[in-house]
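Here are some short exercises on reading a protein model. Have a look at the sequence and structure, then work through each step with us.

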Amino acid sequence: MPIRVSQILGIKPESALGLSEFRATYGGFFIALGIGCLMSQSALVFSVVGAAWCTAAFVRIASAIMDKSHSWHNFAGIVFEASVGMCMIAVGF
């Protein structure tokens with residue numbers, strides 16, 4: 001559902017390549033990460049994936065400051081990414 005995801009994120013895929021990028025990045029990539037965690041049941045895998053989510057939140061904070069991109073989209077992204085990351089790290093322990 002790349003169109004719906006693009007509306008939520010506030011960015012638009014403007015070509016077939018853009019739609020493909022949405023499907024791959026916001027669909028396939030995260031589905032594979034989740035399946036990998038569930039299949040491995042490895043604390044290390046959960047911790048690494050959680051660290052990646054937390055890093056995304058941190059970089060989003062840095063970007064909001066440097067780029068002055070203060071919006072509810074960024075705030076929601078920070079909360080979501082940090083929450084998912086911390087949950088994944090907690091499962092890893």
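Three exercises with worked solutions follow.

This is a predicted model, in which local features need pLDDT of at least 70, side-chain atom pairs count only at pLDDT 80 or more, and totals for chains, interfaces and linings use all residues. Residues are numbered from 1 along each chain as its sequence is written, and side-chain values use heavy atoms, with hydrogens and water left out.

**Exercise 1.** Decide whether Asn-74 is buried or exposed, and list its contacts.

Step 1: Find Asn-74 in helix H4 (residues 72–92); helices are DSSP runs of H or I with at least four residues, numbered from the N terminus.

Step 2: Recall the cut-offs: buried means under 20% relative accessible area, exposed over 50%, and partly exposed in between (1.4 Å probe, protein chains only).

Step 3: Asn-74 has a relative accessible area of 12%, so Asn-74 is buried.

Step 4: Leaving aside residues up to four places away in sequence, Asn-74 touches Arg-60, Ala-64 and Ser-69 (contact means heavy atoms within 4.5 Å).

**Exercise 2.** Classify Phe-29 in the same way.

Step 1: Locate Phe-29 in helix H2.

Step 2: Its relative accessibility is 48%, so Phe-29 counts as partly exposed.

**Exercise 3.** Which element gives the most to the nonpolar patch?

Step 1: Patches here take residues with over 30% relative accessible area and no salt bridge (a side-chain nitrogen of Lys or Arg within 4 Å of a carboxyl oxygen of Asp or Glu); like charges are joined within 9 Å, nonpolar side chains (Val, Leu, Ile, Met, Phe, Trp, Tyr) within 5 Å.

Step 2: The members are Ile-8, Leu-9, Ile-11, Tyr-26, Phe-29 and Phe-30.

Step 3: H2 gives the most, with three residues.

Note on methods
Accessible areas come from the Shrake-Rupley method with a 1.4 Å probe; for residues, only the protein chains shown count as cover. Helices (H or I, at least four residues) and strands (E, at least two) are DSSP runs, numbered from the N terminus.
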